[in-house]
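Me: I would like a close look at one part of this protein, with the rest brought in for context. Please keep it plain.

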Amino acid sequence: MLAKVHSAAVLGIDAYPVEVEVNSGWGQPAVVIVGLPDAAVKESRDRVKTAIENSGFKYVMGRTTINLAPADVKKEGPSFDLPIAIGILAVSDQIVAQHLNDLVIVGELALSGAVRSVNGVLTIALCARAQGKRGIVVPFDNGAEAAVVQGLEVYPAKNLREVAEFVAGKKEIAPLREDPELIFQQQRRYDIDLADVKGQESVKRALEVAAAGGHNLLMIGPPGSGKTLLAKRVPTFLPGMTLEESLETTKIHSICGLLPKGQALVATRPFRSPHHTTSSAGLLGGTANLTPGEISLANHGVLFLDELPEFHRDVLEALREPLEEGRVVISRATGTMTFPAQFMLLASMNPCPCGFYGDSKRECRCSPNMITKYRNRISGPLLDRIDIHIEVPAVKYKEMAGEATGETSERVRQRVAAARAVQRDRFGHTNARLTPKEMKQHCRLDAECQELLKMAMTELNLSARAYDRILKVSRTIADLDNASAIQSQHISEAIQYRSLDRQLWV
């Protein structure tokens, strides 16, 4: 006899349909799984057998062949346990399932028969809807994330017997529904605020400019000056996520197993801060299973690299293409994957190995050679891809002891959102991603601005890419001022954000 159960598997950040075929016949008792299963899929034979018996059913005898189609794509993970078990129950006539063709079933089985959560359920639910399926049976803990997919009935299951009785029509499982807009209202909150940070008004201004135009930013300052404190608050004044952005970000977090149980969506901008010992695969993605890396987990959010010179040189250089393209392409022997990487890069570093170069109160213990070697860990091409470089001085005692008087994240967010709305209406994206053609049209300079920029380029020895960055940042500052044309004060402020690196690095 033959039974067919529909399931799905994740490949990259998308899912593809998998048909689980279970055939039982005469012969020596054995269970064979074909269709390029990995070790976790092969081990499902023992999990499924024990789960079926502990759920009050009988395990099929004879030779059983389980095929996972398409057979030319490697199947990974334990998410096929539940559909395999349902297929075995159906082929052994222990259940009569009339509507298996309308359902997609995924889930891992415990030995007791309980259904455990799996990764990538949101992606699988989107795939099920694209296939025209009526509903999807998922683990109970994954129900919320699958339920945000409109037009698909989501049935959260707790154990194998419940699913078996449901597909046999003997028991009802109430479909779960979620309202994405209501989720946004409930979860779009931050526990921190920009007003918590005392002092550093010039740095806050630079961060606002960076957020308004989607620019990358580097903070240079001594230890304890508040670089990390400031970076963590940048997502709090970025514009709120759209549903499309939230779904794409949630897919990535779900695939990587980082979505908390019961959470339906990632409603706030992600903030990722990998350790400086991370590898290229950890940052870019593309491990043995071709999973997304840190830059994709920071998609539509912030990637913060603390102590930038401490990262391995090859890791930093690998960032250059994603910063330009907004995506990362991983090629391995098993295939090629493209992951989204539209993130805002924030980085921080000390001015020297000891951290006190240029400090008027503490003496720097580093030799000129040590300082030069430390700074040269960051290549010029990578620095040129960071639009804004800002100095973060040590906070004075008077500012630390006083009351916080800075603006709240909400007020800054309103200005940032207004500036981004102007950019979106103008060309559909932020100023950081302006093309040369768009720059020529929207970054025109009058004679005074041209002379000012020419003088800066000559005296500071800035590169051609730095010239483009100054124009882009100037356009953002003009948008914050609600000015249609770039003016000399906008150019002057943008040059200030670029001249810092040349003063330090030459």
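Which residue's side chain meets that of R320 in a salt bridge, and what is the N to O distance? Please start there and then work outward to the other salt bridges, the helix contacts and the core.

Reply: This is a predicted model. The side chain of R320 meets that of E317 in a salt bridge, at 2.4 Å from N to O. R320 has a relative accessibility of 28%, so this residue counts as partly exposed. Its partner E317 is partly exposed as well, with a relative accessible area of 22%; the cut-off for buried is under 20%.

The pair is one part of a wider set, as the structure holds 25 salt bridges. Another of them joins the side chains of R377 and E310, with 3.4 Å from N to O. R377 sits in the loop between α15 (368-375) and α16 (380-384), while E310 sits in the loop between β12 (302-305) and α13 (313-317), so this salt bridge ties together parts that are 67 residues apart in sequence. R377 is partly exposed, at a relative accessible area of 34%, and E310 is partly exposed with a value of 34%.

D479 and R426 form a further salt bridge, and their closest N and O atoms are 2.8 Å apart. Here both partners are in helices: D479 belongs to α21 (residues 464-480) and R426 to α18 (residues 409-427), so the pair ties together parts that are 53 residues apart in sequence. D479 is buried, with a relative accessible area of 6%, whereas R426 is partly exposed at 23%. Salt bridges also link E208, E407, R411 and R415 into a network.

Next come the helix contacts. The axes of α4 (residues 121-130) and α10 come within 7 Å of each other and cross at roughly 120°. The two helices are therefore oblique to each other. On the α4 side the contact is made by V121, L122, T123 and L126, and on the α10 side by L247, T250, K251, S254 and I255. Sorted by class, this contact has 5 nonpolar, 3 polar and 1 charged residues.

Helix α10 covers residues 243-255 and includes T249. T249 is buried, because its relative accessible area is 1% and the limit for that class is under 20%. Leaving aside neighbours within four places in sequence, T249 is in contact with M241, V266, P270, N299 and H300.

As for the core, the largest nonpolar one has 49 residues, and L217, M219 and L346 touch the most other members. With neighbours within four places in sequence left aside, the contacts of L346 are L207, L217, A231, V234, V302, L303, F304 and L305. Apart from this core lies another, of 42 residues, including V31, I86, L89 and V167. In soluble globular proteins, nonpolar side chains tend to be buried together.

Finally, the whole protein. Its secondary structure comes to 22 helices and 16 strands, and the C-alpha trace spans about 85 × 50 × 45 Å along its principal axes. Of the 506 residues, 53% count as buried. Among contacts with a separation of 6 or more, 74% are between residues 24 or more positions apart. To return to the starting point, R320 and E317 meet through their side chains at 2.4 Å, N to O.

Methods
Residues are numbered from 1 along each chain as its sequence is written. This is a predicted model: local features need pLDDT of at least 70, side-chain atom pairs count only at pLDDT 80 or more; totals for chains, interfaces and linings use all residues. Side-chain values use heavy atoms; hydrogens and water are left out. A nonpolar core is a set of buried Ala, Val, Leu, Ile, Met, Phe, Trp, Tyr and Cys residues joined through side-chain atoms within 4.5 Å. Buried means under 20% relative accessible area, exposed over 50%, partly exposed in between (1.4 Å probe, protein chains only). Contact means heavy atoms within 4.5 Å. Helices (H or I, at least four residues) and strands (E, at least two) are DSSP runs, numbered from the N terminus. A salt bridge is a side-chain nitrogen of Lys or Arg within 4 Å of a carboxyl oxygen of Asp or Glu. Axes are lines fitted to C-alpha atoms, for helices over the stretch in contact, and angles run from 0 to 180 degrees between N-to-C directions. Angles under 35 degrees count as roughly parallel, over 145 as roughly antiparallel, 65 to 115 as roughly perpendicular and the rest as oblique. Ala, Val, Leu, Ile, Met, Phe, Trp, Tyr, Cys and Pro count as nonpolar, Asp, Glu, Lys and Arg as charged, and the others, Gly among them, as polar.
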